[in-house]
Amino acid sequence: MVRGTITRLVTTITAVAVAVALAFAAVPATAQAAPKSPPKPDALQLVGTGIEETILVKQDERPKLFQMLLSEVNWLAQASGSTSGVPKPADLGPKFTVTLLVKNAPNQLYHLYPMAEGGPRAHRPAKQPSGKKTDAWFYGRLSMPESLRLGGAPLEGKPDVVQSGIGGGVGTDLAVEEVNPVEEMTVAFAEFRRLFLLNGAVLLVILTGLAGMAFLIRRRV
């Protein structure tokens, strides 16, 4: 009876150890499967209705304005379309195009319609400087009109929709923290993997000790 109990104990420990080993192999694969984030732009161009010359905003020269304009489009690269169908041109209003640059080379391009009926709209055309994307339309952020105005677009000021209520020329000093969902997900996977490996290592040590004790008991019996 004692031998049967020991045999079942050893079998259970072996099964758990195999499950832990399989989990170790699965976690890195999941982390590697996370989509890669696009290259970080260091400048952007703004053109559109009423803008006579292309406006260039560089990160190292006007970092806060750059971050504010970037926040209007940086989430569009990996997002799925949030509107059904293509809006009617008559409902879109003035059109502005933001082109993100990486080392002076165009990387991403988006069309923005800050005065569209029903709220700001954004369009990600299929043809992109960095390759082909899925054509998609989105509801833009409510801060889009004011961000574009502070960037140089001829739009009526609405400072109440910008953080801190800053409008006019001083709005270019507004700090906006860039949030990249892909990077956040990659960091989360890395933290989960680290925690899982640490807990798994402790569990493996415990299981090894139990297996050793079971072996010694079996020899004595």
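Strands β1 (residues 43–48) and β3 (residues 96–102) pair up antiparallel over 6 bridges, where pairing takes at least two DSSP bridges between the strands and a strand is a DSSP run of E, at least two residues long, numbered from the N terminus. Within this pair, L46 has V98 of β3 as its bridge partner. This is a predicted model, so local features need pLDDT of at least 70 and side-chain atom pairs count only at pLDDT 80 or more, while totals for chains, interfaces and linings use all residues. Residues are numbered from 1 along each chain as its sequence is written, and side-chain values use heavy atoms, with hydrogens and water left out.

The wider picture is an open, antiparallel sheet of 6 strands, ordered β2-β1-β3-β4-β5-β8. At its edges sit β2 (55–58) and β8 (136–139), each with a single partner strand, so one side of each has no neighbour in the sheet. From one strand to the next, the twist averages 25°.

Two helices (DSSP runs of H or I, at least four residues) come into play here. Helix α2 (residues 63–70) lies across β1, β2 and β3, at about 110° to β2; axes are lines fitted to C-alpha atoms, for helices over the stretch in contact, with angles from 0 to 180 degrees between N-to-C directions. Helix α3 (residues 144–151) packs on the sheet too, touching β1, β2, β3, β4 (105–113) and β5 (121–124), contact being heavy atoms within 4.5 Å. The direction of α3 makes about 125° with that of β4.

As for salt bridges (a Lys or Arg side-chain nitrogen within 4 Å of an Asp or Glu carboxyl oxygen), the count is 1. R149 forms a salt bridge with E146, the closest N and O atoms being 2.8 Å apart. The two are 3 residues apart in α3, so about one helical turn separates them. E146 is buried at 0% relative accessible area, whereas R149 is partly exposed at 21% (buried is under 20%, exposed over 50%, partly exposed in between, with a 1.4 Å probe and protein chains only).
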